[in-house]
Amino acid sequence: MIKKTLIICIKVLSLILIVLLMVYLFRTCRDFGYKVFSDKAKDAAGSPQVVEAVIHVDQGESLLEIGEELEFLSIIRDKWVFAVTARCMDDYDKIQEGDYVVNSAQKPSEILTSMLTKEEKEK
């Protein structure tokens, strides 16, 4: 009797754990998707926290590498969100090599668009 009760308790606890894990994964994926498709800038335009920097993009550099540099410079919050947002845009693979002036008030899509249209920093 005790053995049977213990087995039932373990099965119920296992099912509860699986359901909680699924809820956690669902929320995490939903939050990530929201960050990707909301396309929000890190800082509000005109805010004193806005950071401006020059980023150099080499030919063949991956979106994640560009995102790492932008995250390091405090232009974006998350390199993964930037990379996935960029992959969802047309012509993401046609980023031009060069130096770009970017700031934390720009949306990830605006940063990528500037890299596609060659709005390069004046030398």
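**Close-up views of a predicted model**

**View 1. S114 is placed in helix 4, which spans residues 108-116.** The model shown here and in the views that follow is predicted. The relative accessible area of S114 is 5%, so this serine counts as buried. A polar atom of the S114 side chain lies 2.7 Å from the backbone oxygen of I111, and the close-up is centred on this pair of residues.

**View 2. Strand 1 and strand 2 run antiparallel and are joined by 6 bridges.** Strand 1 covers residues 52-57, while strand 2 covers residues 98-103. Within this pairing, H56 has D99 of strand 2 as its bridge partner. Strand 2 is mostly covered, since 5 of its 6 residues are buried. In a regular strand, side chains alternate between the two faces of the sheet.

**View 3. The largest pocket encloses about 270 Å³ of space.** Its lining is made up of 15 residues, and those closest to the pocket centre are K35, K40, R77, D78 and V81. Helix 1 (2-38) and helix 3 (79-87) each contribute at least two residues to this lining, with helix 1 giving the most, namely 3 residues. Sorted by class, the lining of the largest pocket comprises 7 nonpolar, 2 polar and 6 charged residues.

**View 4. The second largest pocket has a volume of about 170 Å³.** Of the 14 residues that line this pocket, G60, E61, Y92, D93 and I95 are the closest to its centre. The lining of the second largest pocket contains 5 nonpolar, 4 polar and 5 charged residues.

**View 5. The side chains of E68 and K79 form a salt bridge, one of 3 in the structure.** The N to O distance in this pair is 3.7 Å. The salt bridge links distant parts of the chain, with E68 in helix 2 (residues 63-72) and K79 in helix 3, 11 residues apart. E68 has a relative accessibility of 39% and therefore counts as partly exposed. In the loop between helix 2 and helix 3 lies S74, a residue that is not a glycine and yet has a positive phi of about 65 degrees. The relative accessible area of S74 is 30%, so this serine too is described as partly exposed.

**View 6. D31 and R30 meet through their side chains in a salt bridge.** The N to O distance between the two side chains is 3.1 Å. D31 has a relative accessible area of 34% and is therefore partly exposed, and R30, at 45%, is likewise partly exposed.

**View 7. D91 takes part in a salt bridge with K94 and also has a positive phi.** The closest N and O atoms of D91 and K94 are 3.4 Å apart. D91 is located in the loop between helix 3 and strand 2, where its phi is near 60 degrees, a positive value in a residue other than glycine. The relative accessibility of D91 is 41%, a value between the limits of 20% for buried and 50% for exposed residues, and D91 therefore counts as partly exposed.

Definitions and conventions
Residues numbered from 1 in each chain as written. Predicted model: local features only at pLDDT ≥ 70, side-chain atom pairs only at ≥ 80, totals over all residues. Heavy atoms only, no water. 1 Å grid on protein atoms, 1.4 Å probe; cavity = no way out; pocket = protein on both sides within 12 Å on 5 of 7 lines; lining within 4 Å. Points joined across faces, edges and corners; volume = space filled by probe spheres on them. Helix = DSSP H or I, 4+ residues; strand = E, 2+ residues; numbered from the N terminus. Nonpolar A, V, L, I, M, F, W, Y, C, P; charged D, E, K, R; others polar. Buried < 20%, exposed > 50% of the residue type's maximum accessible area, 1.4 Å probe, protein only. Pairing = 2+ DSSP bridges. Salt bridge = Lys/Arg side-chain N within 4 Å of Asp/Glu carboxyl O. Polar contact = N/O pair within 3.5 Å; in protein donor to acceptor, adjacent residues only side chain to side chain.
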